[in-house]
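Hello,

Here is the structure I promised to pass along. Please have a look, and then read my notes underneath.

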Amino acid sequence: MPTIIYVDDSRDDLFYLDYIRRKQQIDVDLFCFSTAETALAALEQRAAEGWALPELLVADLYMPLDSGIALVTRLRLDDRFKAMRLAICSGSDAAEDRARSLEAGADAYLEKPLDLAGIILNLEL
């Protein structure tokens, strides 16, 4: 079963993705965090305890304390997390947001609302 970490300051978006997981009975371990700091702390704890990295971390582009781009940049600089798949998500379809996200090291740019079933299918490729 794949593991996904989702980081978004919107409690509604966090709730929605978990609701979709349950409603569509998607077989995934989904861990939701409202700040980049708490997600990073959870990743560091997983690494310290020898757990496998999540298959994907999805971070919201626009968060008040730490943007998704800042989190992706930070993870790409840390040898423990360099190989992990990272995605930035946003309600924005602006080409410059997509470009900035990919330039920061994201593997993908996802538009909201997130399609969890589609994300899982892409993980299996």
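Below is what I found, beginning with the strands and ending with the cores.

Please keep in mind that this is a predicted model, with local features needing pLDDT of at least 70, side-chain atom pairs counting only at pLDDT 80 or more, and totals for chains, interfaces and linings using all residues. Residues are numbered from 1 along each chain as its sequence is written, and side-chain values use heavy atoms, with hydrogens and water left out.

Strand 1 (residues 3-7) has 5 of its 5 residues buried, so the rest of the structure largely encloses it. Buried means under 20% relative accessible area with a 1.4 Å probe, protein chains only; strands (E, at least two residues) and helices (H or I, at least four) are DSSP runs numbered from the N terminus. Thr3, Ile5 and Val7 point one way from strand 1, while Ile4 and Tyr6 point the other way.

Strand 1 pairs in the parallel sense with strand 2 (residues 29-33) over 5 bridges and with strand 3 (residues 56-60) over 4 bridges; pairing takes at least two DSSP bridges. Tyr6 has Cys32 as its bridge partner in strand 2 and stands opposite Val58 in strand 3.

The largest nonpolar core (buried Ala, Val, Leu, Ile, Met, Phe, Trp, Tyr and Cys joined through side-chain atoms within 4.5 Å) has 23 residues, of which Val7, Leu57 and Leu75 touch the most other members. Helix 2 gives the most to this core, with 5 residues. A second, separate core of 18 residues includes Ile4 and Leu14.

Best wishes

Note on methods: Buried means under 20% relative accessible area, exposed over 50%, partly exposed in between (1.4 Å probe, protein chains only).
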